[in-house]
Every structure is written in C-alpha cells, then in structure tokens.
Amino acid sequence: MRRFIASTGFLLLTIFVAQSVPAAESSPSRGVIEEIVVTAQKREQNIQDVGISMAAYSGDQLQSLGIDGIEGLAGDIPNVQLFELSGGGVPIVVIRGVGLNNFRINDSPTTGVYVDEVYQVSIAQLGSTLFDIERVEVLKGPQGGLYGRNAVGGAIRYLSKKPSFEQNESYATVGYGRFAKREAEGGFGGPISDVLAVRISGRIVKSDDTVFESPIGGFDHGEEDRWAARAMLSFQPSDTFSLDLKLHGGGDQSELPLMRPIGAYEPGVPTFIPGVTSSRLAGDFCSSFLAGGREPNRCVITSGETPESLGVYGRYDGATLRRPRLDSDWWGLNLIGVWASDNYTVKSITAYDQLDYLRRTDQDAGPLAQQEITYVSDIGSWSQELHVTYDAGGAVTGLFGFTYSQDTLEETTFLDGSEGLFTFVFGTDSVENPYEQDTQAFAAFGRVDWMFADDWNVGVEARYTTEDKEFSGGTFFVDQGNFVN
C-alpha cells in the first residue's frame, strides 16, 4: 500500500515591534551583559537588537558549564525541556510547552535544529556531541518565518568554530570522572596560505557501566562510548567572497538507561496465557496507580511479580535480562558560499547528511520477552538554501530566500513478543515492520525590518511552504509468513 501526503501552506507571522533594551536571556553568564553577535535572523546582529526571546552560549561558556549535548542546554534554559522516550535515544525538545512526545524517528519535531545552518530532518540526529563550538543559539518560538519547517516550538542553532586566517590556534582538554569516565577534546588549525585556512577538531567520551543496575539480570549498566570529528576548509580569495567546506562524522555505541517496571495491577493469579495474570486481563488497576502513586511492594506487573520481588528498589534499578543500547554512525558535508557587495549579501548553503541508526529497547522493562523492540534505520538527506540580505545602512533592511530539501528514511522495526499477550492476540511471537518515507520540501521566505525611530523597529516575516511525503510499508508476521500492508 502506498500513501501520498501533500500539504501546502502560507504563513504570515505577527508583526514584531521591538525596542532596543537589554535582553534578559542574552547570555547564560551571570552579571555583566556583554555585547554578543548572533545570527538568529540569518544575518549578524547584536543580540540586544534582535526582537525575539533567545539564549546564546559561546563555546567557552559551554565548556565552563560542562555542556556537551542538547540535554545540558535544556537543563540550563528556562522553559526548555528534554524528554527521552522508550529508554533513550529519542530526544524530544519541548520549548514553552510545545513538543511532540513520540518514539518514532520519522515524526517531525516541533523544534527545528540547525547545525551550521543545515536543518536536521530527524530527532535521531539531535544526540550528537557538542565540541569546538563558536556559539549555540536557542530561539524560543514560534519561529515559522525564517525557520518555518517544524519550528512551532522554536529553533536551536549550533555554529562550529571556523578556521582562522590570522593565526594558528589549538587547544586540548582531558577529563576523568566517576565510573571511569574518560573524555578528551581538541582542535587545531590556522592559515595554509593567504586564501586558505583549515581547522580539525574532535571529541571522544568513554566510561564503564554507570548507575543503572539489573538485580535480576546480575549486571550494571550505562556504559558511554561516543565520538565525533570535524574538518573545515575555508577559501577566501577576496573580502567579498568566501567558501567554507565542512566534513564531519561520528558514532554512538552507548548503552541506554534501563527502564523501570511499574506495578500497575492488583495481585492476581496466573492465567492460561504465560506471563499474564487475571488482573491484567480484567483490567484491575491498583487504586494507587490510578491516583498517580506507586506501591512497588504490592501492585504487580503484567506477569504477576511486584517490582520489589524482582529486586527493583531504587530509581536506577531495572528488571530486564537484556541490555538496551545504541549503535549509530553518521557523516556529512556541507558547503557555504558567501558573496557580498556594498548593499547585498548572497549566501548559498548546500548539505548532505547520512545516519545509520540502531536502537535496541526493552519496552516491557521486565524479565520476560513481551515487547523487545529493535529499530534499524537509514536516513539520507540533502538540501539547498539560497538567501539574499539587503542592508544599505538605512532604516529599512530585508532578507529573502528559498530552500529545497529531500530526505529518505528507511527503517525496519523488529519486535520480539514470545511471552505474554502479543503471541496470544496475534498468533506469532516475532514481527517485522519495514517502511520507507520520502519527503520533498520547498519554502520561500522573507523578512523586512523598518527602524522607524532610534530605539524602535518593526519586523514582518512571511513564508510559503509546500511539503510532499510518500510512505510505503507494512507488517510482516514472521511465523505466519504473512505480510500486511
């Protein structure tokens, strides 16, 4: 079965009226407000002149705060939250209460994430390591004008440190911590000639098993194993033209947090279905569970055990016999060209990204194989953006552009339900769910600003977007040899 989805929309945002006053969220630094140059509106501006709510972090600030991932940003910015579903590997960003809590990576997020001005098409790409960063900008939404594709909640921009034409630069940091956590980060670069400069950097993090433990499985859990690297080449033959080429890659073979089984049912007797009690079939929930509480020493899970009878006492205890983990690798490249004249600046952004993603989970969180799910995904995407900025030094400035992108996501989900209700209901204990999703998106956008007084500015944004999706796939019942579209 093949389904075709097409959507076309026009978005005219509210007129922005802003006064040049100190912004409360201009920087996470405590104390003096420094002059910070940002590109939140796709051109360089003092953060005090940007009429939106945002936070900006320099690379030095990220290092001093110990932030090397999106979870650290969420923990430091008001009204920004991060949720990890199905045991991790699926980061969901919620800004101002706007987010999409789902565990499938083909869904479109409500916060647009851009790495060096390139849109990340899947939430599976959000777990990459932050290193050698020039700046991170978190724009609270909605940001539908300039970042329209899935930016209802807002937009997050990662900007890597560029090569220097002035001097050779290098740095290196190493760290050692609890659970034998080892981390190292470094970078170096500088001018090769008058028109060429290079910068190479990377980061690696490893640890032993951490705080998670499965008493019934007899193992500790939580090992970290991730790395990332980047090479950038800048070509600047004149003051009016430049090309920046970036090649990047990385991997994450870390173990995911253990999920805890929750006693939701009244104690019952075993039924003719292995691993299922009578209370589960009758839907007899514990009153404490329905009230939002837990009784881990009395209320039982589907198979009839209480969490405490399985050895689950602390918040980091699990009852699985399996070890959920990630096994992901990615690489990509992008080319950014800039041409500037007295009044106009033209920027072209071309990018390709590839992600090979595997996530192994234990959804039932218990010792039986009731819902063991493995997601194997392959994502390829490319995009082209071109925009023109007008700034003649007068009261009126403008930016107009377009973007076109294509991405393909191929995924096969493997489910093992050899024990419990799944086998009884579907007559099989193994299911595969292969599908392919192809997306093509085009957008034209623009913004005009009018500084009608010394301290006042009016900005108007508009965007036209069309997005086509094709989805094909189905469910394969392995034991039955039956495929259902």
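Two strands count as paired if DSSP finds at least two bridges between them. Strands (E, at least two residues) and helices (H or I, at least four) are DSSP runs, numbered from the N terminus. This is a predicted model: local features need pLDDT of at least 70, side-chain atom pairs count only at pLDDT 80 or more, and totals for chains, interfaces and linings use all residues. Residues are numbered from 1 along each chain as its sequence is written, and side-chain values use heavy atoms, with hydrogens and water left out.

**Exercise 1. Place strand 5 in its open sheet.**

Step 1. Read the strand order. The open sheet has 5 strands, ordered 5-10-11-8-9, with mixed pairing.

Step 2. Find the edges. Strand 5 and strand 9 (118-119) each have a single partner strand, so one side of each lacks a neighbour in the sheet.

Step 3. Check the pairing. Strand 5 runs antiparallel to strand 10 (residues 133-140), and 5 bridges join them. Met54 has Leu139 in strand 10 as its bridge partner. Tyr57 has Val136.

Step 4. Judge burial. Buried means under 20% relative accessible area, exposed over 50%, and partly exposed in between (1.4 Å probe, protein chains only). In strand 5 (residues 54-58), 4 of the 5 residues are buried, so the strand is largely enclosed by the rest of the structure.

**Exercise 2. Describe three salt bridges and the burial of their partners.**

Step 1. Set the criterion. A salt bridge is a side-chain nitrogen of Lys or Arg within 4 Å of a carboxyl oxygen of Asp or Glu. The whole structure holds 27 of them.

Step 2. Take Arg135 and Glu137. Their closest N and O atoms are 2.6 Å apart. Arg135 is buried at 12%. Glu137 is buried at 0%.

Step 3. Take Arg323 and Glu255. Here the closest N and O atoms are 3.3 Å apart. Arg323 lies in the loop between helix 4 (287-290) and strand 19 (325-326), and Glu255 in the loop between strand 18 and helix 3 (278-282), so the pair ties together parts 68 residues apart in sequence. Arg323 is partly exposed at 32%, whereas Glu255 is buried at 10%.

Step 4. Take Glu461 and Arg447. Their N to O distance is 2.6 Å. Glu461 sits in strand 25 (residues 456-473) and Arg447 in strand 24 (residues 430-453), 14 residues apart. Glu461 is buried at 4%, and Arg447 is buried at 5%.
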